[in-house]
Amino acid sequence: MSDTAASDDGAAAVDAEEVRHVADLARVRLADDEVDEFAAQFGDILEYFEALDEVPETEREEELVNVMRPDEIEEGLSQEEALANAEETEDGFFVGPKVS
Amino acid sequence: MAADINAFVTEATIEGDADADGPLADATVAVKDNISTEGIRTTCGSEMLADYVPPYSATVVDRLTEAGATVVGKTNMDEFGMGTTTETSAFGPTRNPVDTDRVPGGSSGGSAAAVAAGEADVALGSDTGGSVRCPAAFCGVVGIKPTYGLVSRYGLIAYANSLEQIGPIAGTVEEAAAALDVIAGDDPHDGTTRDLSEVTGADPSASYAAAADGDVDGMTVGVPTELFEGADERVVETVEAAIADLEARGAETTEISLPSVEHAVQAYYVIAMAEASSNLARFDGVRYGHRGESDGNWNESFAETREEGFGAEVKRRILLGTYALSAGYHDKYYEKAQDARAWVRQDFEAAFEDVDVIASPTMPVLPFELGESLDDPLRMYLADANTTPANLANLPAISVPAGEADGLPVGLQLVGPKFGEETIVRAASAVEER
């Protein structure tokens with residue numbers, strides 16, 4: 001397991017570059033001052049999460065069952081209803097941003 | 001009054017069935033603004049959904065109106081349920097009706113404030129890590145977080161699916177229990193709901209309202225030391241006095257230890273943020289919600305839409321959740337959090353071999369002053385120490401007023417075994433009768 005987030009004193013340090021990388025993965029644009037604020041706050045929060053290292057490996061037995069239903073056609077939203085909240089539509093379709 | 005405390009994002013009416021009878025006939029109900037209402041905008045307290053109008057209603061809303069309750073409005077909340085104070089709402093903070101310089105708790109702060117201020121008889125909230133119980137405690141009313149799977153989440157806009165349940169808030173235990181009677185039950189639209197006739201030990205014909213009989217004679221109340229340590233002394237004194245009164249009414253109290261709960265807040269936030277980062281990926285401005293003016297490509301447009309639509313706390317949680325799931329960190333954070341979750345569940349299961357309910361302060365602190373915790377997210381997270389274990393363990397929990405300290409409400413939390421809603425309602429009704 002990679003442990004690159006931990007600095008020498010064991011505290012999780014996060015720099016602005018890492019915040020930008022994660023924001024990029026999550027498709028959230030951030031202002032520069034937000035990046036710096038988040039970097040400081042993430043350092044504190046991730047350091048607090050470090051305590052999870054003390055948690056023993058635990059058997060996770062959950063009684064989970066699949067819930068199935070017959071595959072029958074039911075009434076759903078009309079096309080008009082499904083499009084009603086979209087900012088931009090054309091000929092009954094959603095219009096998304098350009099791909100490239 | 002409503003304008004003063006800002007309990008509602010939208011005041012609008014859905015008439016209840018006039019022919020219905022039962023405890024909720026003619027009752028007014030306020031609905032948290034992350035629960036879908038057909039034809040009435042449902043904002044999640046976010047700029048992202050400021051103009052979103054759902055084409056259908058949540059199952060719980062249909063069940064309430066069929067039972068005769070009339071919806072009077074959509075209540076303010078922390079944005080997407082992410083907060084403990086109702087200050088992260090894009091529609092301004094809600095104020096605590098008991099002391100308007102203080103927060104009502106969160107994230108269902110508008111719902112608790114509406115009930116406490118007499119704006120509604122009953123309200124619905126959603127509880128992912130304490131979001132029904134915290135505001136109930138801070139506003140001096142009753143809130144129930146049901147067992148995972150008791151109440152349908154169909155129409156609830158998701159934040160962290162594996163943790164959250166819709167729950168009622170009301171002025172008395174019996175009223176909250178009566179609302180739970182109406183909204184509980186399996187729903188073909190939510191595959192995680194359980195049919196109680198198929199659950200061992202559960203009573204499908206249970207009346208939660210009837211369980212509010214105050215009879216705790218012979219009941220065993222576990223008192224976990226971990227959930228009192230570190231709490232405000234004034235809160236501890238008030239809660240201990242309420243527990244002593246339960247003893248005087250014939251309950252037996254016994255000190256217990258739940259060592260796993262020391263890790264509950266960390267596990268909760270890692271899991272909730274991870275699930276949030278995935279759930280909130282749907283808000284890209286194409287099918288619904290705010291859309292930026294960007295003329296950039298797909299990725300640039302999404303990033304701009306999400307920058308504009310989400311507030312700081314939502315961005316923090318999406319980013320931290322993305323981080324915790326990313327390559328190299330998944331095992332360190334997410335897997336360990338799942339271990340902690342299993343450990344918490346086992347700790348409670350073992351405790352319930354010896355006790356009927358587990359009592360603690362709902363919140364370790366008195367209501368914050370407005371603005372006090374907003375710049376320090378970690379401090380806000382730590383206030384969820386006592387509420388998050390019940391979500392991690394899928395257990396039912398109730399917050400009932402235990403009294404006041406310095407003129408501010410203090411909530412007592414009672415956690416029960418899975419589908420043990422009747423037991424926590426019974427114990428809470430005895431606290432209320434003091």
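Begin at A385(B), which sits in the loop that joins α11 (377-382) to α12 (388-392) of chain B. The model on the screen is a predicted one. With a relative accessible area of 23%, A385(B) is partly exposed, because burial would require a value under 20%. Display the residues around A385(B): beyond those up to four places away in sequence, A385(B) touches L227(B) and V265(B). Next, draw a distance from the C-alpha atom of A385(B) to that of E432(B); the two residues are 47 apart along the chain, and the separation is 24 Å.

**The helix that holds S429(B)**

Move to helix α13 of chain B, residues 421-432, and select S429(B) within that helix. Is S429(B) buried or exposed? Its relative accessible area is 2%, so S429(B) is buried. Show the side chain of S429(B) and the backbone of G214(B): the side chain comes to 2.9 Å from the backbone nitrogen of that glycine. G214(B) is one of the residues in contact with S429(B) once neighbours within four places in sequence are set aside; the others are V173(B), A211(B), A212(B) and D213(B).

**Helix α3 of chain B and the loop before it**

Select residues 109-116 of chain B, which form helix α3. How many of the eight residues of this helix are buried? Seven of them are, so α3(B) is largely enclosed by the rest of the structure. The buried residues are G109(B), G110(B), S111(B), A112(B), A113(B), A114(B) and V115(B). Just after the helix, select G118(B), where phi is positive at about 80 degrees.

Now step back along the chain to S107(B), in the loop between β3 (70-75) and α3 of chain B. The peptide bond that leads from G106(B) to S107(B) is cis, and its omega is near 5 degrees. The loop between β3 and α3 of chain B also contains T86(B). T86(B) is not a glycine, yet its phi is positive, at about 65 degrees. T86(B) has 0% relative accessibility and therefore counts as buried. As background to these two stops, most residues other than glycine have a negative phi, and most peptide bonds are trans.

**Chain A as a whole**

Hide chain B for a moment and colour chain A by secondary structure. Three helices and two strands appear, and their order along the sequence is α-α-α-β-β. Of the 100 residues in chain A, 30% are buried. The accessible surface of chain A is about 7500 Å², and carbon and sulfur atoms account for 45% of that area. Among contacts in chain A with a separation of 6 or more, 30% join residues 24 or more positions apart.

Select R27(A), in the loop between α1 and α2 of chain A. R27(A) has a positive phi, near 55 degrees, and is not a glycine. Its relative accessibility is 32%, so R27(A) counts as partly exposed.

**Where the two chains meet**

Restore chain B and select the residues that take part in the contact: 53 from chain A and 58 from chain B. Interface size is often expressed as the accessible area lost when the parts come together. Here chain A and chain B bury about 5200 Å² between them, with 62% of that area on carbon and sulfur atoms.

Next, turn to the charged and polar pairs. Eight salt bridges are counted between chain A and chain B. One to display links the side chains of R29(A) and E304(B), with an N to O distance of 3.6 Å. Polar contacts across the interface number 20 residue pairs, both residues being at pLDDT 80 or more. On the side of chain A that touches chain B, the elements that give two or more residues are α1 (16-25) and α2 (32-49). Which element gives the most to that side? It is α2(A), with 10 residues. By class, the side of chain A that touches chain B comprises 28 nonpolar, seven polar and 18 charged residues.

**Last stop: K336(B)**

Finish in helix α10 of chain B, residues 330-351, by selecting K336(B). K336(B) has a relative accessible area of 16% and is therefore buried. With neighbours within four places in sequence left aside, K336(B) is in contact with L52(A), D53(A), V55(A), P56(A) and E57(A), and with D331(B).

Note on methods. Residues are numbered from 1 along each chain as its sequence is written. Chains are lettered from A and ligands numbered from 1 in the order in which they are written. This is a predicted model: local features need pLDDT of at least 70, side-chain atom pairs count only at pLDDT 80 or more; totals for chains, interfaces and linings use all residues. Side-chain values use heavy atoms; hydrogens and water are left out. Helices (H or I, at least four residues) and strands (E, at least two) are DSSP runs, numbered from the N terminus. Buried means under 20% relative accessible area, exposed over 50%, partly exposed in between (1.4 Å probe, protein chains only). Contact means heavy atoms within 4.5 Å. Accessible areas come from the Shrake-Rupley method with a 1.4 Å probe; for residues, only the protein chains shown count as cover. Buried area is the accessible area (1.4 Å probe) that two parts lose on being put together, summed over both. A salt bridge is a side-chain nitrogen of Lys or Arg within 4 Å of a carboxyl oxygen of Asp or Glu. A polar contact is a pair of N or O atoms within 3.5 Å; within protein, one must be able to donate a hydrogen and the other to accept it, and residues adjacent in sequence count only if both atoms are side-chain atoms. Ala, Val, Leu, Ile, Met, Phe, Trp, Tyr, Cys and Pro count as nonpolar, Asp, Glu, Lys and Arg as charged, and the others, Gly among them, as polar.
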